[in-house]
Amino acid sequence: KRGITGQTHEDGERREQLSLERTPTLSDHLEKLNKSGFDIALGCHMMDAYDYGIVSIDDRRRAARCEMLDELEEFVLLMRHYCLCVGVHSTGDRYKAAAATLCSDDKDSPIGFQEGRCTIVHS
């Protein structure tokens, strides 16, 4: 049995909560990145990454050929279950511009994040 932090089980053992259980949502992951010292955290659900440009057309074609992803509904559920997050730690003014560019959500985003399709959190 998996348990939550501090919970005692029938066998008397205390078990720690798994990392994924402590951060079940995109906003939980972004908050964790900020609390870990990252100045900017940016993320989106994998379905948005797939549909809106982070995943290349070639990679989408390759994924479409996967037999296990034949069922569109299953594919969408799978992709909405996961997220893509980027955290940037910029020390000093020299790196702040690079960090802001990397974690941008505009047309010049080097990763492909799009405004309205991702969440950005600043510390």
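1. S90 has contacts with D39, Y95, K96 and A99, leaving aside residues up to four places away in sequence. The model is predicted, and these contacts should be read as computed from it. S90 belongs to the loop that runs between β4 and α6 (93-102). Its relative accessibility is 7%, so S90 counts as buried.

2. The largest nonpolar core holds 18 residues. Within this core, the residues with the most contacts are M47, Y50, M79, C103 and F113. Two or more core residues come from each of β3 (40-45), α3 (46-51), α5 (72-81) and β4 (83-88). Helix α3 gives the largest share, 4 residues.

3. C103 is one of the core residues with the most contacts. Which residues does C103 touch, not counting those up to four places away in sequence? They are I40, L42, V86, V88 and I120. I40 and L42 fall in the range of β3 (40-45), while V86 and V88 fall in that of β4 (83-88).

4. The count of aromatic pairs comes to 1. The pair is formed by Y50 and F75 in an edge-to-face arrangement, with 5.0 Å from centre to centre and 70 degrees between the planes. It links distant parts of the chain, since Y50 lies in helix α3 and F75 in helix α5, 25 residues apart.

5. Are the two partners buried or exposed? Y50 has a relative accessibility of 13% and therefore counts as buried, the cut-off being under 20%. F75, at 8%, counts as buried because it also falls under that cut-off.

6. Y50 has a further partner in R60, whose charged end sits over the Y50 ring, 6.0 Å from the ring centre. Y50 is thus described here in three settings: as one of the core residues with the most contacts, as a member of the aromatic pair with F75, and as the ring beneath the charged end of R60.

7. A second arginine is placed over a tyrosine ring: R117 lies over the face of Y52, at 3.7 Å from the ring centre. Y52 and R117 are also among the residues that line the largest cavity.

8. How many cavities of 30 Å³ or more are there? The count comes to 1. The largest cavity has a volume of about 30 Å³. Its lining consists of C44, D48, A49, Y52, I54, G112, F113, Q114 and R117. F113, part of this lining, is also one of the residues with the most contacts inside the largest nonpolar core.

How values were computed
Residues numbered from 1 in each chain as written. Predicted model: local features only at pLDDT ≥ 70, side-chain atom pairs only at ≥ 80, totals over all residues. Heavy atoms only, no water. Core = buried A, V, L, I, M, F, W, Y, C linked by side-chain atoms within 4.5 Å. Buried < 20%, exposed > 50% of the residue type's maximum accessible area, 1.4 Å probe, protein only. Contact = heavy atoms within 4.5 Å. Phe/Tyr/Trp six-rings, centres within 6.5 Å; stacked < 30°, edge-to-face > 60°. Lys NZ or Arg CZ within 6 Å of the ring centre and 35° of its normal. 1 Å grid on protein atoms, 1.4 Å probe; cavity = no way out; pocket = protein on both sides within 12 Å on 5 of 7 lines; lining within 4 Å. Points joined across faces, edges and corners; volume = space filled by probe spheres on them.
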